[in-house]
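Hi,

Here is the structure I promised to pass on. Have a look at it first, and then read on for my notes.

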Amino acid sequence: MDDLCFSEYIPSKRIRITDEFWREKTALVRKEVIPYQYEALHDRIDGAEKSYCVENFIKASKIAEKIRRGEEVPVYPTDKWCYDENNSPAEAFHGWVFQDSDVYKWIEAVGFSLIVRPDAELEKKAKDLIRLICSAQLPDGYLDTLFIINDRSARFSNLKDWHELYCFGHLAEAAVSFYNATSDRALLDAACRFADLISDTFGPDKIKGYPGHEIAEMALVKLYDITKNEKYLQTAAFFIEERGKKPYYYDTVLGKETVYDNYHYNQAHRQPKFQYEAVGHAVRGVYLYSGMADIAKRCRDEELYDACLRLSDNIINKKMYITGGIGATVDGEAFSFDYDLPDDLAYSETCASIGLIFFLRRMLEISPDARLADAAERALYNTVLAGMALDGKSFFYVNPLEVLPEASEKDSRKRHIKAVRQKWFGCACCPPNLARLISSVSEYIFTENENTLFIHQYIGCSANTDNAEIDVASSYLTDGKLEIKIKPVRRFTLALRIPSWCKSYSFSGDCEIKDGYAYFNIEKGCCLKVSFELKTRLIKCSNKVRANTGRVAVTRGPFVYCLEETDNGKELQMLKISKTPGFLYENGFITADGFREKEDTSLYSEWTEGDYEKTRLKFIPYYRWANRGENEMSVYVRIE
Ligand code: FUB
Ligand code: ZN
């Protein structure tokens, strides 16, 4: 791996976002999403599904106290995915087995948000929750409310399903974020105590298990980066090395016969270093691949890096929607086979696109390749942003590319497709994941090493990097232009990604182009003017994507556009776009010449050329859909 160009991302502490678009989004998370989610975690939102999250920590804290005092504590079963008032006693754990992770993600988002803007009241709320969390930790470091409340003896007995290592991962990520923001060590110390217990429990001469839902791998690496405790890095590497070895750990522990297909679901069908296709549960997949990239980078593991390259290539070129959504099937919330990307059955979980962004940034830290940054941009500006309403008050878990509300209601195959965003979810992984990603979006802009500073994402900001003080003034999203003021600390190379959607660009300085980046030698202070031609384009899928033969999508810069019923009437399938659409871009919307086919109610009739009337089609950015009530939506449209 000696020829690779390793770099480090620049943490949000060193970046101030000035970009209008992103300032609005981060402010929305700060003002709406974080306070709203705080109420949701406390079950104080009328009409929203119950979280039970804080309630569980209160129960666990009382049990932990009794244990510390040597008192008897009750035992309840740990045999379900989800517990509620109907299937579990009031004193027992309630919610999904991974419920703890929601409060951890909330704290992580608060940490990032406090870096953007200090807020004493918010910090206090987070510290109160942290105090509660720490009070639930058992003396040996164990911390998972399901097993603390229900049955201490059952811990680590079903790693495949019961998510303890997943909750640990979110705890560790929250701890690192909050520590970075406030220097408060309470949660970090708790996470390290749990990480110590995990490292003492799992390993080559210990239990040879690994997480059923990955994330502990990348979380342990974050703990290693901050504490420099080698044990954490080794445990993360162990989890990755051990996964998929035969006989399968889950079989030996659960005493079951091997069911080969189930192992694909957890990406445990073979060792990660030998994996070549993204399979199984999509969020699990990209969290694993993120951990693999982390280990490949830190341990200079070439086999693992090659696997990451194969997996990213497979996702980007065969399994990713034009919106950056991944996980095409509801069946296992999973990746489907190559080129199987149905629009109206898509799963495309918000968390999966967030995880994809984690993975791709880590890959960019190993070697810059504009295709990876392009895919991250696609996911960020389309699926991720679509996951949240424009007012920050409701969310999508699933992000289809075509919606007919009647089908969501009447067709059980499409029950997962919601035509309107939900206030909250019983299984609420996506909203707090959005909050943590959006409030840390600055960490996806740059990476740097001792001689090169890369700009992967164009978000207006001021940054203090090791190579330079840099000011990026951006109107990238509206006219493709950037002005980059640079005050170098030393001689260095500035590398700018050339977005794949851009066919023509200009720079005010000389540069060399390599792997989709323009490299500039910077010796003294300067201001670089950049212009990426921003044109509205018609994009087709490979004709191997059966759902979209003869159809096109409209894009402009990083944004994918869609048709909504509100602008174009019902029965969007009857619309066609002209081959010469005469695009007009105004105020973020696009209009184009098209046709509406006259309705034909006879189920079968001899083919004739359809009867069309001219119309003007109106497209809005995909991320803005479903903000004007329930209606039909389609990204793809037939072409004349
Ligand atoms: O299992 C925890 C989270 O719940 C997953 O990441 C999501 O896909 C949802 O299943
Ligand atoms: Zn989710």
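Let me start with Glu571, which at 30% relative accessibility counts as partly exposed, because that class takes in whatever falls between the 20% limit for buried and the 50% limit for exposed. You'll find Glu571 in the loop that runs between helix 19 (565-568) and strand 19 (575-577). Glu571 is not a glycine, yet its phi is positive, at about 55°. Before going further, keep in mind that this is a predicted model.

Two other backbone spots go with that one. Lys228 is also not a glycine and has a positive phi, of about 65°. Its place is the loop between helix 8 (216-227) and helix 9. With a relative accessible area of 53%, Lys228 is exposed; the reasoning is simply that the class needs over 50%. Further along, the peptide bond between Lys246 and Pro247 is cis, with omega about 0°. Pro247 sits in the loop between helix 9 (230-242) and helix 10 (249-254).

Now the ligand. Which residues are around ligand 1? Going along the sequence, they are Phe98, His163, Tyr166, His213, His281, Val283, Glu333, Glu349, Tyr397, Cys427 and Cys429. By type, that shell divides into six nonpolar, three polar and two charged residues. As for polar atoms, a side-chain N or O of His213 is 2.7 Å from an oxygen of ligand 1. Glu333 also has a polar side-chain atom 2.7 Å from a ligand 1 oxygen, and for Tyr397 the distance from a side-chain N or O atom to an oxygen of ligand 1 is 3.4 Å. On its own, ligand 1 has 270 Å² of accessible area, and the protein covers 94% of that.

Val283, one of the residues around ligand 1, falls within the range of helix 12 (residues 282-299). That helix has 18 residues and spans 25 Å from first to last C-alpha, close to the 26 Å expected at 1.5 Å a residue. Is helix 12 mostly covered or mostly open? Mostly covered: 16 of its 18 residues are buried. Just after helix 12 comes Arg300, with a positive phi of about 50°.

A couple of other helix residues are worth a click. Glu173 is in helix 6 (residues 164-182). Is Glu173 buried or exposed? At 1% relative accessibility, Glu173 counts as buried, because the class covers anything under 20%. If you set aside neighbours within four places in sequence, Glu173 is in contact with Glu108, Ile215, Met218, Ala219, Lys222 and Arg436. Leu309, in helix 13 (residues 302-319), is partly exposed with a relative accessible area of 35%. From Leu309 to Arg69 is 240 residues in sequence and 52 Å in space, C-alpha to C-alpha.

The last area is around Asp479 and Ser531. Asp479 lies in helix 18 (residues 476-479), and Ser531 belongs to strand 15 (residues 526-532). How far apart are Asp479 and Ser531 in sequence and in space? They are 52 residues apart in sequence and 8.2 Å apart in space, C-alpha to C-alpha. Ser531 and Ser475, on the same C-alpha to C-alpha basis, are 9.7 Å apart in space and 56 residues apart in sequence.

Asp479 is partly exposed, with a relative accessible area of 34%, whereas Ser531, at 18% relative accessibility, counts as buried. The side chain of Asp479 makes a polar contact of 2.6 Å with the side chain of Ser475. A polar atom of the Asp479 side chain also lies 3.0 Å from the backbone nitrogen of Lys481. Not counting residues up to four places away in sequence, Asp479 touches Phe532 and Leu534.

Lys481 turns up again from the strand side: its side chain and that of Ser531 make a polar contact of 3.4 Å. Again leaving out residues up to four places away in sequence, Ser531 touches Gly480, Lys481, Ser504, Tyr505 and Ser506.

That's everything I wanted to hand over.

Cheers

Technical notes: Residues numbered from 1 in each chain as written. Chains lettered and ligands numbered in written order. Predicted model: local features only at pLDDT ≥ 70, side-chain atom pairs only at ≥ 80, totals over all residues. Heavy atoms only, no water. Near = heavy atom within 4 Å. Polar contact = N/O pair within 3.5 Å; in protein donor to acceptor, adjacent residues only side chain to side chain. Areas by Shrake-Rupley, 256 points an atom, 1.4 Å probe, with all protein chains shown as cover. Nonpolar A, V, L, I, M, F, W, Y, C, P; charged D, E, K, R; others polar. Helix = DSSP H or I, 4+ residues; strand = E, 2+ residues; numbered from the N terminus. Expected span 1.5 Å × (residues − 1). Buried < 20%, exposed > 50% of the residue type's maximum accessible area, 1.4 Å probe, protein only. Contact = heavy atoms within 4.5 Å.
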